[in-house]
Amino acid sequence: MESLPVSYSKMAQTRLVLPPDTNHLDTIFGGKVLAYIDEIAALTAMKHSNSVVVTASIDSVDFLSSAKVGDALTLEASITRTGRTSMEVYVKVYADDLLRGRKVMTTESFLTMVAVDTEGNPKSVPFIIPETEEEKRLYNTAPSRKALRRNRSALR
């Protein structure tokens, strides 16, 4: 199986936070952010695997701060580790107040995506090659996150 550098499938999206995206506090709905996270994770995994993908799990979502109407919401996603058919995707979300020049991380999340063939059966994906220090750290800590996912599912 071939290997691809993490940089090959890295993706970013920027969206404007508008009034219909927000709650009564004028901050973006968490569910809206989750939808954006799922979308960019899928696109990143599709690019890496050259395949249709499905979301197997949203492993963690940490809301660190909020985004307000008028902020530019930027999502950055990368593959952190691959299994035979699965890919762990790390997504960071930033709110950028373009008028005041302030940028803060609002959310970070780990998802597991699975590549599937035309019949919906899991298919093999390329391995990844971490390049930067952050990519290597995320790659090396992925087995611990996988163990947490397995332990969580054993509790059901």
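Guide: Helices (H or I, at least four residues) and strands (E, at least two) are DSSP runs numbered from the N terminus, and with these names we can say that Asn 50 is found in the loop between α2 and β3. The model is predicted, so local features need pLDDT of at least 70 and side-chain atom pairs count only at pLDDT 80 or more, while totals for chains, interfaces and linings use all residues. Residues are numbered from 1 along each chain as its sequence is written, and side-chain values use heavy atoms, with hydrogens and water left out.

Visitor: Why does Asn 50 count as exposed?

Guide: Buried means under 20% relative accessible area, exposed over 50%, and partly exposed in between (1.4 Å probe, protein chains only). Asn 50 has 69% relative accessibility, so it counts as exposed.

Visitor: And what makes the backbone of Asn 50 worth a second look?

Guide: Asn 50 has a positive phi of about 55 degrees although it is not a glycine. Most residues other than glycine have a negative phi. Asp 26, found in the loop between β2 and α2, also has a positive phi, of about 65 degrees, and it is not a glycine either. With a relative accessible area of 45%, Asp 26 is partly exposed.

Visitor: Ser 51 lies in the loop between α2 (30-49) and β3 as well; is Ser 51 buried or exposed, and why?

Guide: Ser 51 has a relative accessible area of 10%, which is why it is called buried. If contact is taken as heavy atoms within 4.5 Å, and neighbours within four places in sequence are left aside, Ser 51 touches Met 46, Ala 115, Val 116 and Lys 123.

Visitor: What span should helix α3 have, and what does the model show?

Guide: The expected span is 1.5 Å times one less than the number of residues. For the 22 residues of α3 (residues 133-154) that gives 32 Å, and since the end C-alpha atoms are 32 Å apart, the two values agree.

Visitor: Where does α3 bend?

Guide: The bend at a residue is the angle between axes fitted to the seven residues ending there and the seven starting there. In α3 this angle is about 40 degrees at Ala 142, and a proline, Pro 143, follows within four residues. Pro 143 itself counts as partly exposed, because its relative accessibility is 42%. The C-alpha atoms of Pro 143 and Arg 81 are separated by 8.7 Å, although the two are 62 residues apart along the chain.

Visitor: Which residues of α3 are called buried?

Guide: They are Glu 135, Leu 138, Ala 142, Arg 145 and Arg 149. An α-helix has 3.6 residues a turn, so residues three or four places apart point the same way. The buried residues of α3 pack against α1 (6-9), β3 (52-63), β4 (72-82), β5 (86-97) and β6 (102-116).

Visitor: What makes Lys 10 and Glu 135 a salt bridge?

Guide: A salt bridge is a side-chain nitrogen of Lys or Arg within 4 Å of a carboxyl oxygen of Asp or Glu. The closest N and O atoms of Lys 10 and Glu 135 are 3.0 Å apart, and the pair is therefore a salt bridge. Lys 10 lies in the loop between α1 and β2 (11-16) and Glu 135 in helix α3, so the pair ties together parts that are 125 residues apart in sequence. Lys 10 is partly exposed at 40% relative accessible area, whereas Glu 135 is buried at 7%.

Visitor: How many salt bridges are there in the whole structure?

Guide: A search of the whole structure finds nine. Among them, Arg 145 pairs with Glu 88, their closest N and O atoms being 2.8 Å apart. This pair links distant parts of the chain, with Arg 145 in helix α3 and Glu 88 in strand β5, 57 residues apart. Arg 145 counts as buried because its relative accessibility is 15%, and Glu 88 is buried with a relative accessible area of 3%.

Visitor: Which residues do salt bridges that share partners join into one network?

Guide: Arg 149 also forms a salt bridge with Glu 88, the closest N and O atoms being 3.3 Å apart. Salt bridges that share partners join Asp 59, Glu 88, Arg 145 and Arg 149 into one network.

Visitor: Why is Phe 63, found in strand β3, called partly exposed?

Guide: The relative accessible area of Phe 63 is 47%, so it is partly exposed. Together with Leu 34 and Ile 58, Phe 63 forms a nonpolar patch on the surface, with about 250 Å² of accessible area together. Patches are made of residues with over 30% relative accessible area and no salt bridge, like charges being joined within 9 Å and nonpolar side chains (Val, Leu, Ile, Met, Phe, Trp, Tyr) within 5 Å. The areas come from the Shrake-Rupley method with a 1.4 Å probe, and for residues only the protein chains shown count as cover.
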